[in-house]
Amino acid sequence: MTSINEQPIPAARPVIGEDEIEAAVRVLRSGRVVQGPEVAAFEEGFSRLVDGRHCVAVNSGTSALQLLLLALGIGPGDEVIVPSFSFAASANAVRLVGADVVFADIEPGSFGLDPAAVEAAITPRTAAIMPVHLYGHPAAMDKIMPIAEKHKLAVVEDACQAHAAALNGTPVGAFGAGGTFSFYPTKNMHSLEGGMVSTGDAELARTLRLLRNQGMEQRYANEIVGANMRMTDVNAAVGRVQLAKVEGWTEQRRANAAYLDANITAPSVTLPPVAEGARHIYHQYTVRIRGDRDAAMAKLTEAGIGNAVYYPTPIHRLKPYWEPDQKAGRTWDLPETEKAAAEVVSLPVHPSLTQNDLERIVTAVNSLGENL
Ligand SMILES: *Cc1c(COP(=O)(O)O)cnc(C)c1O
């Protein structure tokens with residue numbers, strides 16, 4: 001039971017502090033509100049998180065994925081290999097550019113794409129592989145990149161949950177042809193809404209800049225067909241404030257996760273895996289629950305511990321994917337995806353947690369015991 005003087009601990013807690021408010025007001029007073037100096041400064045600042053790669057700011061993480069796929073020339077007739085165990089945006093971006101989604105299973109040790117499953121899913125129509133760095137843990141890029149190189153496929157990293165996660169010292173978003181980040185309020189850092197594409201290819205960066213702004217570099221001298229996916233300077237100014245804080249927040253998340261790892265002992269709970277060489281940034285602290293997950297979640301909620309399932313329905317089972325597959329008689333063999341969707345629960349790990357909060361989380365989780 002939650003005692004009278006103990007508030008429930010939320011699963012996430014986006015920060016909109018005085019610094020963010022002042023930055024937004026400063027831009028509004030300046031009158032330079034769309035894709036001006038703040039956006040340029042945000043792009044330059046963010047490139048530090050991706051080994052100095054070119055960065056192109058857009059209006060959401062989903063736009064970032066869509067823009068990157070467009071810039072790579074991926075469209076009708078192409079297939080993109082995507083994990084079904086992700087947020088729908090990963091697959092939606094592929095469908096929005098007119099390409100076909102091919103689902104591949106995940107590996108239990110990272111919740112990311114299983115390299116062997118990726119290789120098995122390659123066909124003559126495959127154009128790209130989209131690893132998702134789910135929960136802030138890097139996918140197995142050390143094994144996926146060589147597969148992509150061997151088959152001459154583009155790698156589009158969905159790093160929307162993984163700002164400054166890394167594998168063997170290389171940050172996510174610096175492995176593939178391009179990486180994408182989200183600045184939605186619940187992510188590790190935000191710009192209210194926003195997204196970023198990173199790429200090591202200057203030519204691709206120029207194409208991305210054209211595509212986000214109607215195909216224009218010079219006003220009214222449109223070079224290609226483009227969209228409007230511009231970021232505003234208000235969003236960029238908020239993003240810059242958060243960018244200055246994200247490293248500290250990430251260290252706090254990692255410290256919170258280390259405390260939970262060291263103190264959660266319930267036999268029904270499997271701690272979040274961390275692959276060798278991985279820098280997990282704990283966008284989510286995601287455990288697996290053996291036994292009755294619904295009952296366990298109800299007990300946690302009763303104890304005032306925020307908890308949530310990301311994601312209860314794998315993408316291939318969502319209507320816009322499931323129905324066309326049913327019609328075409330297409331099925332996917334994704335046992336690890338189905339297992340993860342049935343077992344995972346994310347616990348609070350955000351940097352606003354106090355030591356008392358962490359102790360309450362541990363007590364509530366350990367009281368789940370065997371959960372039979
Ligand atoms: C949040 C998220 C996105 C989309 O980002 P938005 O900014 O909400 O459009 C894409 N992929 C993953 C894995 C995400 O978590």
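**Close-up views of a two-domain predicted model**

**View 1. Proline 272 is a buried loop residue.** At 9% relative accessibility, proline 272 counts as buried, because the limit for that label is under 20%. The model shown here and in the other views is predicted. Proline 272 sits in a loop. That loop runs between strands β10 (269–270) and β11 (278–279). Which residues does proline 272 touch, leaving aside those up to four places away in sequence? They are Asp261, Tyr282, Tyr285, Thr286 and Val287. Leucine 353 gives a sense of scale. Proline 272 and leucine 353 are 81 residues apart in sequence. Their C-alpha atoms are 18 Å apart in space.

**View 2. Histidine 163 is a buried residue with a polar reach.** Histidine 163 lies in the loop between β5 (154–158) and β6. Is histidine 163 buried or exposed? Its relative accessible area is 1%, so histidine 163 is buried. The side chain of histidine 163 reaches the backbone oxygen of serine 182 at 2.7 Å. Ser182 is also among the residues that histidine 163 touches, not counting residues up to four places away in sequence. Phenylalanines appear in that set too: Phe46, Phe181 and Phe183. Lys187, Asn188, Met189 and Ile281 complete the set.

**View 3. Two domains meet in this protein.** The domain assignment gives domain 1 (18–243) and domain 2 (246–366). The C-alpha centres of the two domains lie 23 Å apart. How many residues of each domain are in contact with the other? The contact involves 40 residues of domain 1 and 36 residues of domain 2.

**View 4. The domain interface buries area on both sides.** The size of an interface is often given as the accessible area lost when the parts come together. Domain 1 and domain 2 bury about 3,200 Å² between them. Carbon and sulfur atoms account for 61% of that area. On domain 1, Phe103, Tyr135 and Asn188 supply 23% of the area buried against domain 2. No other three residues supply as much. Asn188 also appears in View 2, where histidine 163 touches it.

**View 5. Polar contacts cross the interface of domain 1 and domain 2.** There are 22 residue pairs in polar contact across it. The count of salt bridges between the two domains is 0. Which elements give two or more residues to the side of domain 1 that touches domain 2? They are α4 (89–96), β3 (100–104), β6 (166–167) and α8 (233–263). The largest share, 4 residues, comes from β3. By type, the residues on this side divide into 23 nonpolar, 13 polar and 4 charged.

Key: Residues are numbered from 1 along each chain as its sequence is written. This is a predicted model: local features need pLDDT of at least 70, side-chain atom pairs count only at pLDDT 80 or more; totals for chains, interfaces and linings use all residues. Side-chain values use heavy atoms; hydrogens and water are left out. Domain bounds come from an automatic or database domain assignment. Contact means heavy atoms within 4.5 Å. Buried area is the accessible area (1.4 Å probe) that two parts lose on being put together, summed over both. A salt bridge is a side-chain nitrogen of Lys or Arg within 4 Å of a carboxyl oxygen of Asp or Glu. A polar contact is a pair of N or O atoms within 3.5 Å; within protein, one must be able to donate a hydrogen and the other to accept it, and residues adjacent in sequence count only if both atoms are side-chain atoms. Ala, Val, Leu, Ile, Met, Phe, Trp, Tyr, Cys and Pro count as nonpolar, Asp, Glu, Lys and Arg as charged, and the others, Gly among them, as polar. Buried means under 20% relative accessible area, exposed over 50%, partly exposed in between (1.4 Å probe, protein chains only).
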